[in-house]
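User: Could we go through the helix packing and the backbone geometry of this protein together?
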Amino acid sequence: MRPHRITAAVVTVLALLLAGCGAGSRTPAATATLVPCAFPPPAQSLDVRVLAYNSSAVDPFTNTMVRSCSRDGVTLRHEPIDFAGQTQKTIATLSGRYGTYDIVETYGLVVPQFASTGKLRPLDDLVARYREEYGLDRLSPEMLAALSYDGKLYGLPTMAQPFTLVYRRDVFDRLGLAPPRTFAELREVAARVQRDGGIRYPLALPLLASADIATAYDAALGSLGTDYVDRDTGRPNFTTSAAARAFTELRSLLPFMDPQVTTFAQPAVQQQMYNGSAAIAIMYSGRMFDLVQERNSRFSREFAFAPPPSVAGGDVLYNSLSVDGWAIPANTEVDPDLLFRFLAASVGPESARAAVPAAFPSRLGSVTPASSPFAPAQLEALGKAPPPEPFPWTSRISVATRPVVADVLAGRIPVEQGQQRMQDIATAIVAEYREVG
C-alpha cells in the first residue's frame, strides 16, 4: 500500500514548483513539422489531450506531434499554457481515478515523485517494442536516465537544457575580457564591467525567492561535488563545509546584481540582457534562442555564449541539467500503445532537426558545434553538470528548504543557522521514506 502522506507530498511539492524553464510561443503552427506517425486507426473517433507548457524549446515537439498524429479518426488537442498552469493541471490530472490528459510533458526533477507513487506508466516495454521502428536506440542514454526512477523509464525524453552563460561580446571586447571559468573570475569580470563598462549591475541570475533560488543553490552545491543527500549514508549534507561555501560564493555575486534580484525569474533576466542593463547572465539554454532574435533586442548580434563557470575550479560546473520528455499517466483510458506511437513520432530524426536551435533534442547527433551560436557552449555544459539525484525526496527538499536559502542569501539569517535549518528539514523528509520503505 502506498503511504498517503507521501502521495500528498507530491501535490504539495508540485504546487510550489512554478518556476518554468521557459515561456514563449503561443502560435501552435509556427514550429509544427510534419513527420511520419503510423498507427492502426481506432474503431471509433478518439480525442487525445496533451498537456505541455509553451516555450520556444518545448513547442517544436508538441506542435509536431499534434500536427502529424491528428488523422485517421484521432485528434490530438493541446491548448497554450504557461509552466505554472501546466504544473497545476498535472497535479489535478494525476490525482484522480480518471485523468483529464492522456499525454503529459514532464521533467527529471519530478519524475521520481510521480513514479514512486504510481502516477506514471513505465515505458520500458513500449521502448523495447518500438525501438527499431522509431530508432529509439539513438536517444541520449543520459537523458533517458534522467527520466528514469528505480531502474524503470517513465518519460521519453524530448530535449535537455543545461545552464549557459551569455555575455555582451562588444562590452567584453572593449574591456579586453574573456568568459569567466570560475566564480572568482566571474567576480573579477563583473567588477571590471561595473567599474569601466558603464553598467551598474552587470550580472543577472534568476534568483526568484519563490522558485529559482533553490536551483541556484543546488547548482552551486553540485559544482562543489556535494549532493543534497549522501548517496551511501542517506544523511543530508547541509551542515558540510561545501554547503556553507555554496552560500558564501553565491552571496559574493550579489554586489554585481540588481538589488531586486530575488524577484527575478528567467524572463526578467532575459529582459536585463535585452535592454542592456546587464552584460552577463546565466540561465537555462532554452532561453538563448530568444536572445538572438533581432525583434527582441538591439543587442541580439552582440550576444555570445560560453559554458557556465565552476564555483571553485574543476570539471563540474555551476550547472543544472533539466531534461524534459513525455509521460503517459497511469490513469488514462486511452491505449498506452497508441499513445506511445505519438510520443515516439515526436522525437524522431525529422522532429529533432526541426527543433534545433531552439531546443537541444534527445536524439544523438542532432546538435553540432555549427548548428547555432550557443551549441558549443551547450555541448560542453551538458558533459559537465552535477549528476542527477533521482530520488523522490529531492524535489521535496528543494521546495521545503527554498525559503531558508532565500533568507540566507538576503542576509536575514546567518549561514550557519540556515545550514542547520536545512539539515533538520531534509532529515525529516528522508526519514518519512525510510519509515515506509
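Analyst: The turns below take up helix packing first and then two backbone features.

Analyst: This is a predicted model, in which local features need pLDDT of at least 70 and side-chain atom pairs count only at pLDDT 80 or more, while totals for chains, interfaces and linings use all residues. Residues are numbered from 1 along each chain as its sequence is written, and side-chain values use heavy atoms, with hydrogens and water left out.

User: At what angle do the axes of H9 and H10 cross?

Analyst: The axes of helix H9 (residues 212-223) and helix H10 (residues 241-251) cross at roughly 120 degrees and come within 9 Å. Helices here are DSSP runs of H or I with at least four residues, and strands are runs of E with at least two, numbered from the N terminus. Axes are lines fitted to C-alpha atoms, for helices over the stretch in contact, and angles run from 0 to 180 degrees between N-to-C directions.

User: Which term describes H9 relative to H10?

Analyst: That crossing makes H9 oblique to H10. Angles under 35 degrees count as roughly parallel, over 145 as roughly antiparallel, 65 to 115 as roughly perpendicular and the rest as oblique.

User: And which residues make the contact?

Analyst: H9 contributes Ala216, Tyr217, Ala220 and Leu221, and H10 contributes Ala242, Ala243, Ala246, Phe247 and Leu250. Contact means heavy atoms within 4.5 Å. By class, this contact has nine nonpolar, no polar and no charged residues. Ala, Val, Leu, Ile, Met, Phe, Trp, Tyr, Cys and Pro count as nonpolar, Asp, Glu, Lys and Arg as charged, and the others, Gly among them, as polar.

User: What about H9 and H16?

Analyst: The axes of H9 and helix H16 (residues 392-409) come within 8 Å and cross at roughly 85 degrees. H9 and H16 are therefore roughly perpendicular to each other. Ile213, Ala214 and Tyr217 of H9 meet Ser398, Arg402, Val405, Ala406 and Leu409 of H16. The residues of this contact divide into six nonpolar, one polar and one charged.

User: Changing topic, where is the cis peptide bond?

Analyst: A cis peptide bond joins Val356 and Pro357, with omega at about 10 degrees. Pro357 lies in the loop between helix H14 (349-355) and strand E12 (360-361).

User: And what is the phi of Asp72?

Analyst: Asp72 has a positive phi of about 50 degrees, although it is not a glycine. Asp72 sits in the loop between helix H2 (59-69) and strand E2 (74-78).
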